[in-house]
Amino acid sequence: MSASTVSKAEGIYAKAGSLSSERRWALWTAYASLIFAAIIFLAPPVYMFVTSLKGSAEVANMTGNPWLVRNPTLENYTTLLSNRPFLKFFLNSAIITVCVVAITMVISILAAFALARMRFWGSQFLATGVFLTYLIPDTLLFIPLYQIVGGLGLLNSIWGLVLVYPTLTVPFCTWIMIGYFASIPKELDEAALIDGATWPQMLLKIFIPVAMPGIIAATIFAFTVSWAAFVYPTAFVTTPDQMPLTIGVVSQLVRADTFAWGQIMAGALLAALPPVIIYAFLMDYYIAGLTAGATKG
Amino acid sequence: MAQVSLRKLVKAYEGGVQAVKGIDLEIADHEFVVLVGPSGCGKSTTLRMIAGLEEITSGDIAIGGTLVNDIPPRDRDIAMVFQNYALYPHMSVFDNMAFGLTLRKFPKAEIKRRVDEAARILDIAMLLDRKPKALSGGQRQRVAMGRAIVRDPKVFLFDEPLSNLDAKLRVQMRTEIKKVHQTVKTTTVYVTHDQIEAMTLADRVVVMNHGVIEQVGPPQELYHHPATRFVAGFIGSPAMNFSPARLEGDAHALRVVLPNGTALPVPEHRAARYAPYVGRPILVGIRPEHLTDKKPTDKRNIADFPAIPEVIEPMGMETLVHFWMDGHEISARLDPTCPVSVGVPITLAADMDQMHIIDPATDKVL
């Protein structure tokens with residue numbers, strides 16, 4: 001073997017080695033980024049959980065590491081769960097959310113089906129318009145909505161919230177559904193039309209079952225927005241028995257400058273439980289739904 | 001079962017583009033008609049207008065003697081098979097096939113009987129519980145056909161149903177479709193861009209180009225007696241050879257003179273037909289299978305045709321030889337045992353009974 005052949009072979013191996021090290025570097029960078037992101041996102045709930053296991057005295061005690069629990073107790077949870085207002089907040093949130101999700105999905109599915117599949121004058125413009133309404137923040141909308149809700153006599157009522165929350169949920173859900181419906185091959189509705197389906201039958205028997213991942217994604221979004229809404233209930237509800245969890249916990253557990261931190265944290269964790277459970281079970285559908293919307297919308 | 005009539009059918013899109021320019025076509029009961037043509041010729045649009053999936057700009061469509069212009073697809077009593085199968089992905093094969101009957105509120109026992117019968121014809125009985133995603137391309141296309149068969153409609157419409165399949169499966173499914181039509185005998189309109197599919201399946205082939213019908217006829221008629229240059233070039237594979245030429249002589253002894261000086265005698269029985277074109281530029285067309293190696297034959301009107309092969313393609317059962325004559329590519333089909341080499345002159349045999357003469361001014365075959 002000549003010297004030049006040897007050096008050539010070494011060159012090849014050296015290149016292979018550099019490729020491998022590049023991959024290793026990319027892997028480590030990815031892990032480091034993921035760990036950093038996980039710490040950033042998990043630190044608040046972990047701190048909430050740790051604090052919820054502490055008694056008032058331990059929370060107030062400024063010495064020692066605040067991330068550690070010295071005398072763990074479930075007192076905050078038992079107090080909250082035996083507290084009638086807290087259960088009422090929970091019930092109010094559940095009623096509002098179920099109603100809002102139902103209203104949102106009915107409107108969004110019908111609107112998206114019409115905008116994605118029926119050819120009529122201005123359908124493209126309307127589809128863009130629906131999405132643009134999502135860009136108007138609720139902090140801007142609550143003043144005119146206050147007038148409307150007040151005019152309807154629904155201030156201080158969970159039904160007022162059921163009426164206004166869809167202004168937050170319908171545009172985005174419709175947009176997700178338009179994208180999903182648009183990704184369904186057109187031949188499928190033509191086959192259904194020839195098979196004898198009417199438009200409503202086509203929607204119920206073909207589109208809704210086929211678009212289930214998109215519908216679940218939109219449902220989760222509507223659920224999360226409705227469950228976590230803060231600005232509208234703060235503006236429209238002042239009576240404790242009509243409050244949802246988000247403002248109920250804050251208004252009832254903060255007395256002047258006295259903060260029941262342990263209970264606030266326990267309440268916040270309990271409030272976060274339903275969305276977490278839903279995400280855990282339906283995460284795959286959620287990702288599939290959002291992806292379809294993103295690529296085809 | 002029913003006949004289908006298209007009368008002065010026009011489809012114009014916004015902006016004035018006319019996809020179909022006033023076609024007339026009568027399709028008889030039980031007939032298998034194939035619409036064939038290149039992309040954008042209007043064949044799929046015509047099929048979709050028959051299905052009711054495209055609105056008609058003007059003209060009439062009648063199915064079984066009933067004008068269906070304003071009747072929605074579901075009430076036209078038709079069934080359609082799509083290129084991408086269009087199976088409902090969330091339903092089993094059985095439910096896919098039964099869907100149309102369920103919507104029409106057929107009794108369950110009748111639905112089962114029809115689905116089982118169609119599954120037997122198409123050999124998919126063992127797939128009835130599967131979902132479409134668990135099927136191969138060929139199986140999906142059978143299910144799509146089964147969905148059409150169970151409905152027992154007046155007309156079957158096929159929109160390029162084999163285009164998504166690989167070459168081998170396409171040949172197999174072509175035979176299946178022909179077998180199914182021989183069994184159920186439903187009037188069928190089939191759209192394809194593949195002229196071999198058209199030739200093998202059709203009772204009559206409708207060749208379309210630029211939104212008009214170029215020619216309608218049985219496959220053999222189109223092959224042997226094309227009406228236009230387009231049909232002559234479109235039907236047949238490899239395509240017909242064309243070359244500009246000149247007619248010389250008189251009604252008793254007419255010759256086609258090619259640009260390289262080769263003179264090919266015109267058969268006597270055609271001389272009178274071509275005589276008015278003597279001295280005028282013409283196009284001569286001859287299929288590669290009628291330009292072959294010289295062998296002893298008792299056929300008349302075989303003319304010598306000198307050539308210098310430039311590309312040789314051995315195909316197994318034949319050898320294709322390509323050469324250029326005055327800038328025009330000419331192909332010939334030779335016996336595979338015929339010795340032939342690139343650059344070595346050979347003399348081919350042109351079957352002048354099979355040549356066509358085209359008037360370049362009108363593109364009509366004379």
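These legends walk through three close-ups of a predicted model.

**View 1. A three-stranded open sheet in chain B.** Here we're looking at an open sheet of 3 strands in chain B, set out in the order S15-S20-S16 with antiparallel pairing. Strand S15 (291-293) and strand S16 (302-307) of chain B sit at the edges, so to speak, each pairing on one side only. On average, neighbouring strands of this sheet are turned by 40 degrees against each other, direction ignored. Zoom in on S15(B) and you'll find its partner, strand S20 (residues 346-351) of chain B, joined to it in the antiparallel sense over 3 bridges. One spot to look for is Asp293(B), which stands opposite Leu348(B) in S20(B). As a general reminder, strands of a sheet pair through backbone hydrogen bonds, either parallel or antiparallel.

**View 2. Where chain A meets chain B.** In this one, 14 residues of chain A are in contact with 17 residues of chain B. On the chain A side, helix H9 (186-195) and helix H10 (199-210) each chip in with at least two residues. H9(A) gives the largest share of that side, 7 residues. Sort the chain A residues that touch chain B by class and you get 9 nonpolar, 2 polar and 3 charged.

**View 3. Two domains of chain A in contact.** Chain A splits into domain 1 (3-52) and domain 2 (75-296). Their contact draws 4 residues from domain 1 of chain A and 7 residues from domain 2 of chain A. What classes turn up on the side of domain 1 that touches domain 2 of chain A? That side has 2 nonpolar and 2 polar residues, and no charged ones.

Conventions. Residues numbered from 1 in each chain as written. Chains lettered and ligands numbered in written order. Predicted model: local features only at pLDDT ≥ 70, side-chain atom pairs only at ≥ 80, totals over all residues. Pairing = 2+ DSSP bridges. Helix = DSSP H or I, 4+ residues; strand = E, 2+ residues; numbered from the N terminus. Axes fitted to C-alpha atoms, helices over the stretch in contact; angles between N-to-C directions. Nonpolar A, V, L, I, M, F, W, Y, C, P; charged D, E, K, R; others polar. Domains from an automatic or database assignment.
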